[in-house]
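Reader: I am new to this structure and would like to go through it step by step, with the reasoning spelled out. Could we begin with the empty space inside and then turn to the charged pairs?

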Amino acid sequence: RTPQDPVPILYLVTWEEERVLREVESAAVQRRAMCLVWTETEGLRNVALPKEQEDRRAREPAAVLARVQRDSKPAVYVLVDFHPYMEQPAIRRRLRDLAHELVASNKTLIIVSPRLVLPFELQKEVKVIDVPLPSRDELDQHLDAIHARLEEKREVPVRLDRRQRDELIRSAQGMTLQEFEQALALAVVRTRAIDAEVIPFVLKEKEQIVRKSTALECVSWERGFEAVGGLDQLKGWLTARKDAFGAEARNFGLPAPRGLCLIGVQGCGKSLSAKAVARFYRVPLLRLDVGRLFAG
């Protein structure tokens with residue numbers, strides 16, 4: 001926190017607790033501050049001493065806020081899944097009091113939750129940050145970590161060339177690190193290796209994630225451009241740009257195509273072309289139902 005950003009309470013909206021906790025712990029180390037994590041099941045614990053419980057009495061929400069208020073040492077306090085308690089009047093008031101005191105302190109309070117529950121009274125005291133999904137580089141690094149673990153166990157071989165690895169990472173974009181790892185684990189059960197055969201499994205797992213949405217639908221299609229008659233200029237344009245999604249193009253500085261607008265009368269092949277493009281590029285095809293989007 002800097003004088004230009006005197007917000008002592010941060011609210012991180014994310015499903016990825018482990019990833020966020022690693023980043024918060026790293027930031028706390030740089031600040032030479034303790035990193036204390038609270039959960040309702042374990043109470044307050046010091047991340048640097050995982051086997052020791054910091055304070056058994058600070059298991060109740062009000063008790064942990066009182067502990068934060070009492071402490072004078074530099075520290076970052078992370079409250080995981082604290083959102084159900086923020087609607088309670090006593091907790092709301094204590095958070096407001098705490099926010100005013102923390103501005104002039106060397107302590108920071110971070111709330112981590114997959115849901116945003118922010119009462120009106122706390123809107124000026126709390127800064128909300130939507131934690132983005134892992135970037136391409138983060139997915140790539142996580143794949144390296146998985147590869148290292150598998151090599152150490154010598155149980156599952158990893159056989160991916162540069163192009164296949166790039167395609168696997170592209171297929172996993174939009175997933176959390178945990179979802180990516182689970183998808184690989186499910187694929188390995190069948191393939192007994194991490195190779196080009198796991199890419200369809202990752203795409204299939206992404207379909208399951210999309211199915212939980214009310215406005216998006218994953219469209220399955222097993223055929224490519226051979227099912228599309230004519231449209232030779234469109235096929236040539238798409239074929240010429242296929243390599244623009246690869247690592248070599250990114251390293252060269254070539255921007256990836258952002259989109260394609262297909263306009264025409266009914267029955268001219270727009271939907272069929274969209275399905276063929278998804279199959280050709282080996283990426284998921286998502287359909288947005290505008291009617292559901294604007295429904296009550």
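Reader: What volume does the largest cavity have?

Author: This is a predicted model, and a search of the whole structure finds 1 cavity of 30 Å³ or more. Rolling a probe the size of a water molecule over the atoms shows where empty space is left. The volume of the largest cavity is about 30 Å³.

Reader: Which helix gives the largest share of the lining of the largest cavity?

Author: The largest cavity is lined by Leu 143, Ile 146, His 147, Val 158, Arg 165 and Ile 194. By class, this lining has 4 nonpolar, 1 polar and 1 charged residues. Its largest share amounts to 3 residues, and these come from helix 4.

Reader: Which residue of helix 5 forms a salt bridge with Asp 144?

Author: Asp 144 belongs to helix 4, and its partner, 21 residues apart from it, belongs to helix 5. With a relative accessibility of 38%, Asp 144 counts as partly exposed, because the buried class ends at 20% and the exposed class begins over 50%. The side chains meet at 2.5 Å, N to O, and the partner of Asp 144 is Arg 165.

Reader: Is Asp 166, the partner of Arg 136 in a salt bridge, buried or exposed?

Author: The side chains of Arg 136 and Asp 166 meet in a salt bridge at 2.9 Å, N to O. Arg 136 lies in helix 4 and Asp 166 in helix 5, so this pair ties together parts that are 30 residues apart in sequence. Arg 136 is buried, with a relative accessible area of 15%. The relative accessibility of Asp 166 is 10%, which is under the 20% limit, and therefore Asp 166 counts as buried.

Reader: How many residues apart in sequence are Glu 138 and Arg 19?

Author: The side chains of Glu 138 and Arg 19 meet in a salt bridge at 3.3 Å, N to O. Glu 138 is in helix 4 (residues 136–153) and Arg 19 in helix 1 (residues 17–30), so that the pair links distant parts of the chain, which are separated by 119 residues.Reader: Which residues are linked with Arg 19 in a network of salt bridges?

Author: The structure holds 12 salt bridges, and side chains of opposite charge can pair when their charged atoms come close. Arg 19 is buried, with a relative accessible area of 8%, whereas Glu 138, at 25%, counts as partly exposed. The residues linked with Arg 19 in the network are Glu 16, Glu 23 and Glu 138.

Reader: Which helix gives the most to the lining of the largest pocket?

Author: The largest pocket has a volume of about 1000 Å³. Of the 27 residues that line this pocket, the closest to its centre are Phe 245, Pro 257, Arg 258, Tyr 281 and Val 283. Helix 8 (232–240) and helix 10 (270–281) each supply at least two residues of the lining. The most, 6 residues, is given by helix 10.

Reader: How many residues of the lining of the largest pocket are charged?

Author: The lining of the largest pocket can be divided by residue class. Its nonpolar residues number 16 and its polar residues 4, while the charged residues number 7.

Reader: Is Arg 170 buried or exposed?

Author: Arg 170 has its place in helix 5 (residues 162–172). Leaving out residues up to four places away in sequence, Arg 170 touches Arg 136, Lys 206, Phe 245, Tyr 281 and Val 283. Its relative accessibility is 17%, which is under the 20% limit, and therefore Arg 170 counts as buried.

Note on methods. Residues numbered from 1 in each chain as written. Predicted model: local features only at pLDDT ≥ 70, side-chain atom pairs only at ≥ 80, totals over all residues. Heavy atoms only, no water. 1 Å grid on protein atoms, 1.4 Å probe; cavity = no way out; pocket = protein on both sides within 12 Å on 5 of 7 lines; lining within 4 Å. Points joined across faces, edges and corners; volume = space filled by probe spheres on them. Helix = DSSP H or I, 4+ residues; strand = E, 2+ residues; numbered from the N terminus. Nonpolar A, V, L, I, M, F, W, Y, C, P; charged D, E, K, R; others polar. Buried < 20%, exposed > 50% of the residue type's maximum accessible area, 1.4 Å probe, protein only. Contact = heavy atoms within 4.5 Å. Salt bridge = Lys/Arg side-chain N within 4 Å of Asp/Glu carboxyl O.
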